[in-house]
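Open the model in your viewer and keep the selection panel handy. This tour goes from stop to stop, telling you what to pick and what you will find there.

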2 protein chains.
Amino acid sequence: MVRGRRVHLVRGGPLGTRQETGETYPLSQVQLLPPVKAGKIVAIGLNYYTHIGDRAIPSKPEPFLKTPSSVIGTGDAIVLPSDAGRVDEEGEVVAVIGRRARNLREEDVDDYVFGYTCGNDVSAREWQAGDLQWWRAKSSDTFTAVGPWIVTGLNPDDMDIAVRVNGKEVQRANTSELIYSIRKCIAFITSAMTLEPGDLVFTGTPGATTQLNAGDSVEVEVGGIGILVNRVRAEGAGAGE
Amino acid sequence: MVRGRRVHLVRGGPLGTRQETGETYPLSQVQLLPPVKAGKIVAIGLNYYTHIGDRAIPSKPEPFLKTPSSVIGTGDAIVLPSDAGRVDEEGEVVAVIGRRARNLREEDVDDYVFGYTCGNDVSAREWQAGDLQWWRAKSSDTFTAVGPWIVTGLNPDDMDIAVRVNGKEVQRANTSELIYSIRKCIAFITSAMTLEPGDLVFTGTPGATTQLNAGDSVEVEVGGIGILVNRVRAEGAGAGE
């Protein structure tokens, strides 16, 4: 658990029972891993009016799947595949499921969400346009950045999100501007499939995204949570690039 | 491990080291679970000429993702969601990955495949046609049947597959008729993402599929492996229907 600038060691996982051991470390000396090991990742496409452009407004939430093996944490590198062409960031608010959930009503969703974190749904645009499905466009290795940690007790209808590339703001929104609210999206997903503890729901990206280049630094900041930071490097290049 | 009609208890998982304990049980008295806990499931669309109909022949393998939470084993029920409309079976040969694999060459794929099993890529056709992506069309709960067990040492280019609904054959092919061979598909997947031990690769379904109705029995048989059997029931109906 992170309190202030210190990490407090606990016994047990983030989602189950946990007990502080009393041991603490300065946050600056700890490498943060992805804050949860997801069994499944469901993301919502086309969920901000500002992102849709001239595409039709969806008549229902439009989920798609991402793989757990694509997950990286804060501080890890986003790797640009050599044959992918253009790759963009997509900053998002991410819900972390805390309890097994099926056929939820919208008003019950909060009881099944453990908390929220920041996410970057990295997207290879040529693969997204040219493939039958978005398997690699959204799930190549390193294409799902989450972190730096999970915060509980937030209001999903009022979270500010901002994305910066090399310090320059490229995306900004508030979750009140979502076409389908976070609660609506999660309830809709559970109308067809069970969400399990640790599963992640990416809730949509606002506005226009930006092409990432090797050497870039991408920050996704969600108000009340913190900043997810990832550097970008080319496939095959050393981690220092 | 299954030998003849007896199950031999082992210590350790199917993919790692394992040691027989000497304890055995009659196969008929054992409930078979899905033979592996998959971290990720990648399936290939449009991979038999006989399944494509008037759609264009793909210029490369066309993978899509399925969720681990949709997996059932042999003997489990396929549940028809009440709001899905038409649901079909798709019998397939399924590769089980045995070693962490990235950027494989086709000729090295066999070293990374642990074995093969039978699979049913259950598919809700209206959701598949009407949704932006195939998230629920292919991954509603119970939509990924695998089993009854994994067989090692098979030739992926010469496996017979047959599917029966209520005893009547509805699909038949040999993997030699695949547009993209199993080795080609797995190598292609690893060009964009890491495959991990236990991950499953569904390799495509042949011919025309059949609408499933409550009460149906579906069998997917792969030569050299065995028969995956699932009954079909309506959502909300008891397991006995």
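Start by selecting strand β6 of chain B, residues 71-72, together with β12(B): in this predicted model, the two strands pair in the parallel sense over two bridges. For a landmark, click I72(B), which stands opposite A145(B) in β12(B).

Now keep β12(B) and add strand β10 of chain B, residues 113-121. β10(B) and β12(B) are paired in the antiparallel sense, with five bridges. Here the residues to label are C118(B) and, opposite it in β12(B), G147(B). In general, strands of a sheet pair through backbone hydrogen bonds, in either the parallel or the antiparallel sense.

Is β12 of chain B, residues 144-151, mostly covered or mostly open? Mostly covered: seven of the eight residues in β12(B) are buried.

**Over to chain A: the sheet**

Switch to chain A and color the strands. An open sheet of seven strands runs in the order β5-β4-β15-β9-β10-β12-β6 (chain A), and its pairing is mixed. At the edges stand β5(A) and β6(A), the latter covering residues 71-72. Each has a single partner strand, so one side of each has no neighbor in the sheet.

Next, zoom in on β4(A) and β15(A). These strands run parallel and are joined by three bridges. Pick V42(A), and you will find V201(A) as its bridge partner in β15(A).

**A helix against the sheet**

Select residues 182-189 of chain A, which form helix α3. How many of the eight residues of α3(A) are buried? Six are, and the helix is mostly covered. Show their side chains: I182(A), R183(A), C185(A), I186(A), A187(A) and I189(A). What do these buried residues pack against? Their partners are β4, β5, β9 (residues 91-97) and β15 (residues 200-202) of chain A.

**Where the chains meet**

Bring both chains into view. The contact between them draws 26 residues from chain A and 26 residues from chain B. On the side of chain A that touches chain B, β4 (41-45) and β5 (62-66) each supply at least two residues. The largest share there comes from β5(A), with four residues. Color that side of chain A by class, and you get eleven nonpolar, nine polar and six charged residues.

If your viewer can superpose chains, try it now. A turn of 180 degrees and a shift of 0.0 Å along the axis lay chain A on chain B with an RMSD of 0.0 Å. That is the relation of a two-fold axis. Why do the copies meet through the same surface? Because 100% of the interface residues of chain A are also interface residues in chain B.

**Stepping back**

Hide chain B and color chain A by domain. The domain assignment gives domain 1 (1-30) and domain 2 (32-234), and their C-alpha centres lie 25 Å apart. Four residues of domain 1 of chain A are in contact with nine residues of domain 2 of chain A. The domain 1 side of this contact has four nonpolar, no polar and no charged residues.

Finish with the whole of chain A, which has three helices and 17 strands. Its radius of gyration is 17 Å, close to the 18 Å that the globule rule gives for 241 residues, so chain A is as compact as a globular protein of that length. Buried residues make up 48% of chain A.

Technical notes: Residues numbered from 1 in each chain as written. Chains lettered and ligands numbered in written order. Predicted model: local features only at pLDDT ≥ 70, side-chain atom pairs only at ≥ 80, totals over all residues. Contact = placed C-beta atoms within 7 Å. Nonpolar A, V, L, I, M, F, W, Y, C, P; charged D, E, K, R; others polar. Buried ≥ 20, exposed ≤ 12 C-beta atoms within 10 Å, placed from the backbone. Least-squares fit on C-alpha atoms with pLDDT ≥ 70 in both. Domains from an automatic or database assignment. Rg over C-alpha atoms; globule rule 2.2 N^0.38 Å. Pairing = 2+ DSSP bridges.
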